[in-house]
Structure formats: C-alpha cells, structure tokens
Amino acid sequence: MAPALVETTTLVEYPSDRQLLQENGDHKEAFAQAARSTNYELELKGDEKHAAAKYPHYLPYWDDTKYPPYEPFEAVEPGKDADPAFPNLLAGDANVQELTGNIGATVTGVQLSKLNKAGKDELALFVAQKKVVAFRNQDFADLPIQEALDFAEYYGPSHIHPASGAPKGFPKIHLVHRSAADTTARDFFEHQTNSITWHTDVSYEMQPPGTTFLYLLDGPTAGGDTLFANQAEAYKRLSPEFQKRLHGLKAVHSGHEQAASALARGSIVRREPVSNEHPVVRTHPVTGEKALYVNPQFTRRIVGFKKEESDYLLKFLYDHIALGADFQARVKWEAGTVIVWDNRVTSHSAILDWKDGSRRHLARLTPRAERPFETPFEG
Ligand SMILES: [Fe+2]
C-alpha cells in the first residue's frame, strides 16, 4: 500500500506545565512575566540596539512577601458628588476629542496630578461616562511613586496584585513590563493565533477595581495599543427578553488559574487565590447604567447552570463583546499618556503586535471599589 500523505506521529515531547495551563480553560497568558524573563542587565544598561530603561526605578521585582486575604470595606464613590458640567476637570485649555460614537476620549490641556478635590470627583464621573479616557502630556511617570499612589488612593484603597512584579518598595504598583529584546511574544505565537485577552482587571476579587489608571513609561514607537470595550453598550445591544433572562444570574470569577500560571512559570503568588460570585449584569453606582460583567480570563461558570448551559451562554456573551467593534476603542500610547478607565463598565485587552524587540513598560494604579451589585430589572 502506498504511504499516506499525512502520517500519524508519536509524540515524544510532552507539553510544558505552562502549555498545559494555557490549554486548560479560557485563562490565557499573553503577557506572562517573571523575574527570569526580565533582562535586568539590558534594562539597566542598554546595548547598541536598545536604550536603557527610561524609568529604572520602575523596573519589576518579584518580592515574595505574603499578604493576608482582603477584608470587606465601604467603598467611596467620588463621582457621586461631581458637577456634570466638569468645571474643574475641563477648565482653561482642556480639549476633549471623542474616539468613537460610544466609547473613549482623548484629553489634552489637563494635568491630572494638579486637580483639586472637585476636579478629582469630576474625573470619576467623566471616566464613568466615557468609559476610557487617554490624558496626554501627564507628569505621573516623573512624580515620586508615592505621590502617584496617593493620587489614585483618593478613589479607593490600592489593590496589591497577587502575581505581578512591582517597583522595589511599592507593592501597590502593578507593572506591565516586557524587556527590550524579549522573545516571549514570538514564542507565544508559536502556540496561539492572537494575543487578545478580553478581561476586566482582577474581577475575581470581592471588591474589584473601579476608576483605574495606567501610564506609559517606555514603549514601542508603533504597536502595543490597548483595546477597550463598552460593556454597558454591549448590554444595551441585547434584546429586552435576553436582558430579562440575564437578570439575577451570577457567575463565579476565579483567580486560581492566574495563580497557578504564575507558579508554573516560576513566579510568585503573594495572596491566596480567591473566587467570588458576581452578578452577570452589574449596575454602576453613579450613572445607574447596567453593564455586562463577565470575561473569559476570570469568569468560570454561571451559578446554577449545568456546565454545557453555562459554557453556551458565556460563549455567546464573550463572542458578542469580542465582535463588537462598534462598541470598542483602540487607544494609542504616547510618552506622557495616562489612560483612565472605569473597570466596572469596560473590558480591555493588550495587543502584542510589535516585533522589533522594543521594551514596553507601564505602571497601573488600581483603586478598589464597591462589591458588584445589580439593581432591579425595569425592562
Ligand atoms: Fe488588564
């Protein structure tokens, strides 16, 4: 018999723990970082191809200090007291450019770190309405780190990420860092066709973040944009009958896969992983808007549904959000950009698309907010 064109083969190599984890469930680690994937020598000194890091005091270190579980706290909501005309936030030379018809804006002529109390309140409301706002020419990266943290803590107590690296002495800063000449992106695409990982940050916490800040320290000249989706608009697109069916449902959000993935790549877990049940539709405490609150990174199942039923519904919602380019914005980074989003009514994804080995380095300020809740269904 002639040999078959496609022959069966016997696997002699077993996948690594990391590959197994990637294939186990929806949790996907496109931006996995650890001390061993950080080239400190190149970051601190640079070489003929790459400049040294612009902000070396922001380089990540993985300090294995353990933190206790979070206790419930009463969240503040600065946006509740805000003047909806934004006279303090958008004073003087402030210029607002809408990014799309329903999500996102770019603002110039405002220095966030100089806002007065009323301006900070207005910022919370403005961001809740726009969902995501890129503020250009900001000084956050040049402030003493503690001052940037103090600014953010007006909105709530900082989250300490269980697995990410942090600047030495500042565990409340979450860093997104990819060293110059890093090859993990190339390695990642050996196994995956895209790097899109829609999620809301740390939704497994009982009180996940609300108004959230991410600022650029160093980045590629092109690429590394961030995608945002308006989850309130995603909810509004559903029929009243479908919205009614979602009302009252809860879903389990889990931090266990993220922790297991961190351990599998030789990284740290600073707080015992937790799972929490949150409403599938949550209500924003200031705008009253309802928004979908599920994401493939951390949501695992619908409470009370059988597995196939849960998978079916979640897949529909994930596809709905991922395909909704008409309620998404792609935000570009520039030196001095601070992107502020309301983590309660958006989801986002990093984009791993640059190939020139540029360093990408950002810092996140992550104030925690209220426990998600849903108001009655009004049709
Ligand atoms: Fe994120």
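This passage describes helix α3, the residue that follows it, and a second residue with positive phi in a predicted model.

According to an unreviewed UniProt entry, residues 96–366 are covered by the annotation "domain: TauD/TfdA-like". In the model, this span is 24% helix and 25% strand, and its end C-alpha atoms lie 24 Å apart.

Helix α3 comprises 14 residues and reaches 20 Å from its first C-alpha to its last, which is close to the 20 Å expected at 1.5 Å a residue. Because ten of these 14 residues are buried, α3 is largely enclosed by the rest of the structure. The buried positions include Gly119, Asp121, Glu122 and Lys130, together with Leu123, Ala124, Leu125, Phe126, Val127 and Ala128. The packing partners of the buried residues of α3 are the strands β2 (105–108), β3, β5 and β13 (338–342).

Most residues other than glycine have a negative phi. Lys131, which follows α3, has instead a positive phi of about 80° although it is not a glycine. Lys131 is placed in the loop between α3 (117–130) and β3 (132–135), and it is buried, because 29 other C-beta atoms lie within 10 Å, where 20 or more suffice.

A positive phi is also found at Val202, a residue other than glycine, with a value near 35°. Val202 belongs to the loop between α5 (184–188) and β5 (211–218), and with 23 other C-beta atoms within 10 Å it is likewise buried.

Definitions and conventions: Residues are numbered from 1 along each chain as its sequence is written. This is a predicted model: local features need pLDDT of at least 70, side-chain atom pairs count only at pLDDT 80 or more; totals for chains, interfaces and linings use all residues. Helices (H or I, at least four residues) and strands (E, at least two) are DSSP runs, numbered from the N terminus. A residue is buried if 20 or more other C-beta atoms lie within 10 Å of its own, exposed if 12 or fewer, and partly exposed in between; C-beta atoms are placed from the backbone. UniProt positions are given in the numbering used here, feature names are shortened, and annotations may be inferred rather than shown by experiment. The expected span of a helix is 1.5 Å times one less than its number of residues. Two residues are in contact if their C-beta atoms, placed from the backbone, lie within 7 Å.
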